[in-house]
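Hi,

Here is the structure I promised to pass on. Have a look at it first, and my notes follow underneath.

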Amino acid sequence: MENQYEILQSLIEKMEIVTVGSAVIKTKLNRKEIIDFVRSQHSLRIFDEENQKWINENVDGHC
């Protein structure tokens, strides 16, 4: 079975996951595991709908 963190990273990179809630459903990881992983991977970002903020948001690519 593929590592759940590898699956999470792949789905975020493909933009098939954009929220922590959808990541929980698709990977079976918990919210803390997902948020901690994304914070450790500065190239990834995800929206935390409970706190209404992006994790690892930056201004690169914004108009």
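Let me start with a tryptophan: Trp54 counts as partly exposed, because its relative accessibility is 30%. Bear in mind throughout that this is a predicted model. Trp54 sits in strand 2, which covers residues 53–55. Together with Met15 and Val18, Trp54 makes a nonpolar surface patch of about 300 Å².

Now the overall layout. The protein chain has three helices and two strands, and from the N terminus on they run α-α-α-β-β. Of the 63 residues in the chain, 29% are buried. The accessible surface comes to about 4,400 Å², and carbon and sulfur atoms account for 52% of that. If you take the contacts between residues at least 6 apart in sequence, 34% of them join residues at least 24 apart.

Going through the helices in order, helix 1 spans residues 4–13, and Leu11 is part of it. Is Leu11 buried or exposed? With a relative accessibility of 13%, Leu11 counts as buried, because the cut-off for that is under 20%. Apart from neighbours within four places in sequence, Leu11 touches Glu16, Ile17 and Lys26. Lys26 is 15 residues away from Leu11 along the chain, and the C-alpha atoms of the two are separated by 9.1 Å.

Helix 2 takes up residues 20–27, and its buried residues include Val20, Ala23 and Thr27. Looking down the axis of helix 2, you'd find the buried residues within an arc of 55°, so they line one face of the helix. The general background is that an α-helix has 3.6 residues a turn, so residues three or four places apart point the same way. What covers the buried residues of helix 2? The cover includes helix 1, helix 3 (31–40) and strand 1 (46–48). Right after helix 2 comes Lys28, which has a positive phi, near 70°.

On to helix 3. At its start, a side-chain oxygen of Asn30 comes to within 3.0 Å of the backbone nitrogen of Lys32. Which residues of helix 3 are buried? They are Ile34, Ile35, Phe37 and Val38. Viewed down the axis of helix 3, these buried residues fall within an arc of 165°, so they too line one face of their helix. As for packing partners, the buried residues of helix 3 pack against helix 1, helix 2, strand 1 and strand 2.

The last residue I'd point you to is Asp48, in strand 1. Asp48 has a relative accessible area of 3%, so it is buried. Its side chain and that of Arg31 are joined by a polar contact of 2.3 Å. Setting aside neighbours within four places in sequence, Asp48 is in contact with Val20, Arg31, Ile35, Lys53 and Ile55. Two of those names have come up already: Val20 is one of the buried residues in helix 2, and Ile35 is one of the buried residues in helix 3.

If you open the model in a viewer, Asp48 and its polar contact with Arg31 would be my pick for a place to begin, followed by the patch of Met15, Val18 and Trp54.

Cheers

Terms used
Residues are numbered from 1 along each chain as its sequence is written. This is a predicted model: local features need pLDDT of at least 70, side-chain atom pairs count only at pLDDT 80 or more; totals for chains, interfaces and linings use all residues. Side-chain values use heavy atoms; hydrogens and water are left out. Helices (H or I, at least four residues) and strands (E, at least two) are DSSP runs, numbered from the N terminus. Buried means under 20% relative accessible area, exposed over 50%, partly exposed in between (1.4 Å probe, protein chains only). Contact means heavy atoms within 4.5 Å. Accessible areas come from the Shrake-Rupley method with a 1.4 Å probe; for residues, only the protein chains shown count as cover. Patches are made of residues with over 30% relative accessible area and no salt bridge: like charges are joined within 9 Å, nonpolar side chains (Val, Leu, Ile, Met, Phe, Trp, Tyr) within 5 Å. A salt bridge is a side-chain nitrogen of Lys or Arg within 4 Å of a carboxyl oxygen of Asp or Glu. The arc is that of the directions from the helix axis to the C-beta atoms. A polar contact is a pair of N or O atoms within 3.5 Å; within protein, one must be able to donate a hydrogen and the other to accept it, and residues adjacent in sequence count only if both atoms are side-chain atoms.
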